[in-house]
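Here are my notes on the model you sent, set out as numbered points. Please read them with the sequence and the structure side by side.

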Amino acid sequence: MLPQESPIQDSLTHRVTDLPVAGTAVQLAGHSGSGYLIIQAHPSNTGDVFIGGSTVTIASGAVCGLRLVAGGASVTLRLSSADRVYAVGDTAGDDVIVLGN
């Protein structure tokens with residue numbers, strides 16, 4: 001039996017977050033409310049993006065996050081605050097697309 005899900009609120013936000021420095025994690029803050037985040041690596045990226053907590057690193061680092069490839073599958077997270085999630089790219093200037101509520 002699947003858990004009961006709550007509907008997407010009217011406060012749905014959409015942001016493209018820049019990862020300006022390769023190997024440096026960026027906090028995915030700026031989404032009001034709490035609920036769900038859907039995160040995807042931007043289709044124009046040339047590298048991979050890794051999702052995790054504040055210590056997330058790229059594949060060669062100590063705390064490799066969940067790998068997202070450019071334009072590939074997204075990850076959906078249910079959490080109380082977007083500021084708990086970080087993204088890091090292995091190529092400077094890559095982006096992540098984030099939908100949240």
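**Notes on the predicted model**

1. The accessible surface of the protein comes to about 5,600 Å², and 56% of that area belongs to carbon and sulfur atoms. These values, like those in the points below, were computed from a predicted model. Of the 101 residues of the protein, 35% count as buried.

2. As regards secondary structure, the protein has 8 strands and 0 helices, so that, read from the N terminus on, its elements run β-β-β-β-β-β-β-β. Among the contacts in the protein with a separation of 6 or more, 79% are accounted for by residues that lie 24 or more positions apart.

3. Four of the strands make up an open sheet in the order β2-β7-β4-β5, and their pairing is antiparallel. Strands β2 (26–27) and β5 (66–68) each have a single partner strand and therefore stand at the edges, with one side of each left without a neighbour in the sheet.

4. The pairing of the edge strand β2 can be followed at the level of residues, since β2 is joined by 2 bridges to strand β7 (residues 86–89), and the two strands run antiparallel. Within this pairing, Q27 stands opposite Y86 in β7.

5. The loop between β2 and β3 contains A29, and I would look at this residue with some care. Is A29 buried, exposed or partly exposed? Its relative accessibility is 37%, and A29 therefore counts as partly exposed, given that the class lies between the cut-offs of 20% for buried and 50% for exposed.

6. Which residues does A29 contact, once its neighbours within four places in sequence are left aside? They are R15, A82 and D83. For D83, which is 54 residues from A29 along the chain, the C-alpha atoms of the two residues are separated by 4.4 Å.

7. On the surface, a nonpolar patch is formed by L12, I38 and L99, which together have about 220 Å² of accessible area. One of these residues, I38, is found in strand β3 (residues 35–41). With a relative accessible area of 31%, I38 is partly exposed, and because membership of a patch requires over 30% relative accessible area, the value of 31% for I38 passes that cut-off.

8. To draw the points on individual residues together, A29 in the loop between β2 and β3 and I38 in strand β3 both count as partly exposed, at 37% for A29 and 31% for I38.

How values were computed
Residues are numbered from 1 along each chain as its sequence is written. This is a predicted model: local features need pLDDT of at least 70, side-chain atom pairs count only at pLDDT 80 or more; totals for chains, interfaces and linings use all residues. Side-chain values use heavy atoms; hydrogens and water are left out. Patches are made of residues with over 30% relative accessible area and no salt bridge: like charges are joined within 9 Å, nonpolar side chains (Val, Leu, Ile, Met, Phe, Trp, Tyr) within 5 Å. Accessible areas come from the Shrake-Rupley method with a 1.4 Å probe; for residues, only the protein chains shown count as cover. A salt bridge is a side-chain nitrogen of Lys or Arg within 4 Å of a carboxyl oxygen of Asp or Glu. Buried means under 20% relative accessible area, exposed over 50%, partly exposed in between (1.4 Å probe, protein chains only). Two strands pair if DSSP finds at least two bridges between them. Contact means heavy atoms within 4.5 Å.
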